[in-house]
Amino acid sequence: MEDTLSIIKPDGVRKKIVGKILKRFEDNGFEIINPRYINLSKEEASEFYNIHKGKPFFDDLIIFMTSGPCLPFIIRGENAILRVRELMGSTDPDEAAPETIRADFADSIDSNVIHGSDSEQSAKREIRFFFG
Ligand code: CMP
């Protein structure tokens with residue numbers, strides 16, 4: 001069993017696809033733990049994405065992630081970190097495999113509806129960030 005951190009981003013909430021996204025994870029055998037809507041402050045979003053500080057897309061990323069409520073949650077299951085990333089699809093929806101969440105719902109690389117931890121170390125840090 002493994003835990004990973006996912007966030008339905010503000011565009012996913014605005015599009016009213018929260019239920020559809022959570023269902024995909026549940027249909028694939030995963031458990032959804034502690035989903036709750038929050039509004040990230042600029043400071044919190046900057047801290048969460050500190051690995052991207054200095055990159056050209058950083059400022060837009062912070063504006064986007066603070067543009068409305070988002071839904072962080074923990075996903076638990078076998079090989080969750082890798083499997084969740086497979087179910088999400090590539091960061092850029094144009095490159096995402098068919099039937100992945102981003103291929104089906106995301107508009108662009110900047111507006112890609114969902115986040116998932118990319119490694120065991122990130123999962124630990126990101127779960128701690130939101131859930132202590
Ligand atoms: P995510 O991996 O969830 O977190 C960082 C986000 O930055 C990423 O999703 C994209 O939405 C956004 N982003 C915009 N441009 C890029 C890029 N060139 N490379 C990686 N992420 C990008």
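The following questions and answers concern a predicted model of a protein with a bound ligand.

Me: Which residue offers its backbone oxygen to the side chain of Ser-6?
Reply: Ser-6 is placed in strand E1, which spans residues 2-8. Its contacts beyond four places in sequence include Ile-114, His-115 and Gly-116. Among these contacts, the backbone oxygen reached by the side chain of Ser-6, at 2.9 Å, is that of His-115.

Me: Is Ser-6 buried or exposed?
Reply: A residue counts as buried when its relative accessible area is under 20%. Ser-6 has a relative accessibility of 0%. Residues in contact with Ser-6 include Leu-71, Pro-72, Phe-73 and Ile-75. Because its relative accessibility is 0%, Ser-6 counts as buried.

Me: At what distance does a polar side-chain atom of His-115 lie from an oxygen atom of the ligand?
Reply: His-115 is one of the residues around the ligand, and others include Tyr-49, His-52, Phe-57 and Asn-112. The backbone oxygen of His-115 is reached by the side chain of Ser-6. The side chain of His-115, for its part, has a polar atom whose distance from an oxygen atom of the ligand is 3.1 Å.

Me: How much of the accessible area that the ligand has on its own does the protein cover?
Reply: An N or O atom in the side chain of Lys-9 is 2.9 Å from an oxygen atom of the ligand. Ile-109 has a backbone N or O atom 2.6 Å from an oxygen atom of the ligand. On its own the ligand has 450 Å² of accessible area, and the share of this covered by the protein is 74%.

Me: Which pocket is the space taken by the ligand?
Reply: The residues around the ligand include Leu-61, Thr-91, Arg-102 and Asp-110. The space that the ligand takes is the largest pocket.

Me: What is the sign of phi at Lys-16?
Reply: Most residues other than glycine have a negative phi. Lys-16 is found in the loop between helix H1 (10-14) and helix H2 (18-27), and it counts as exposed because its relative accessibility is 72%. Although Lys-16 is not a glycine, its phi is about 60°, and the sign is positive.

Me: What is the approximate phi of Glu-99?
Reply: Glu-99 lies in the loop between helix H5 (80-88) and helix H6 (101-105). With 69% relative accessibility, Glu-99 counts as exposed. Glu-99 is not a glycine, yet it has a positive phi of about 70°.

Me: Why is Gly-19 classed as neither buried nor exposed?
Reply: Gly-19 is found in helix H2, and its C-alpha atom is separated by 14 Å from that of Ser-6, 13 residues apart along the chain. Buried means under 20% relative accessible area and exposed means over 50%. The value for Gly-19 is 49%, so the residue is partly exposed.

Me: What distance separates the C-alpha atoms of Gly-68 and Asn-39?
Reply: Gly-68 is found in the loop between helix H4 (58-65) and strand E3 (71-77), and it is buried, with a relative accessible area of 12%. Leaving aside neighbours within four places in sequence, its contacts are Pro-10, Arg-14, Ile-38 and Asn-39. Gly-68 and Asn-39 are 29 residues apart along the chain, and their C-alpha atoms are separated by 6.2 Å.

Me: How many residues apart along the chain are Glu-78 and Glu-2?
Reply: Glu-78 lies in the loop between E3 and H5 and counts as exposed at 62% relative accessibility. Met-1, Phe-30 and Arg-83 are in contact with Glu-78, leaving aside neighbours within four places in sequence. The C-alpha atoms of Glu-78 and Glu-2 are separated by 5.7 Å, while the number of residues by which they are apart along the chain is 76.

Me: Is Ile-63 buried or exposed?
Reply: Ile-63 lies in helix H4. Its C-alpha atom is separated by 24 Å from that of Thr-4, 59 residues apart along the chain. The cut-off for an exposed residue is a relative accessible area over 50%. Because Ile-63 has 52% relative accessibility, it counts as exposed.

Key:
Residues numbered from 1 in each chain as written. Predicted model: local features only at pLDDT ≥ 70, side-chain atom pairs only at ≥ 80, totals over all residues. Heavy atoms only, no water. Helix = DSSP H or I, 4+ residues; strand = E, 2+ residues; numbered from the N terminus. Buried < 20%, exposed > 50% of the residue type's maximum accessible area, 1.4 Å probe, protein only. Polar contact = N/O pair within 3.5 Å; in protein donor to acceptor, adjacent residues only side chain to side chain. Contact = heavy atoms within 4.5 Å. Near = heavy atom within 4 Å. Areas by Shrake-Rupley, 256 points an atom, 1.4 Å probe, with all protein chains shown as cover. 1 Å grid on protein atoms, 1.4 Å probe; cavity = no way out; pocket = protein on both sides within 12 Å on 5 of 7 lines; lining within 4 Å. Sits in = over half its atoms within 2 Å of the grid points.
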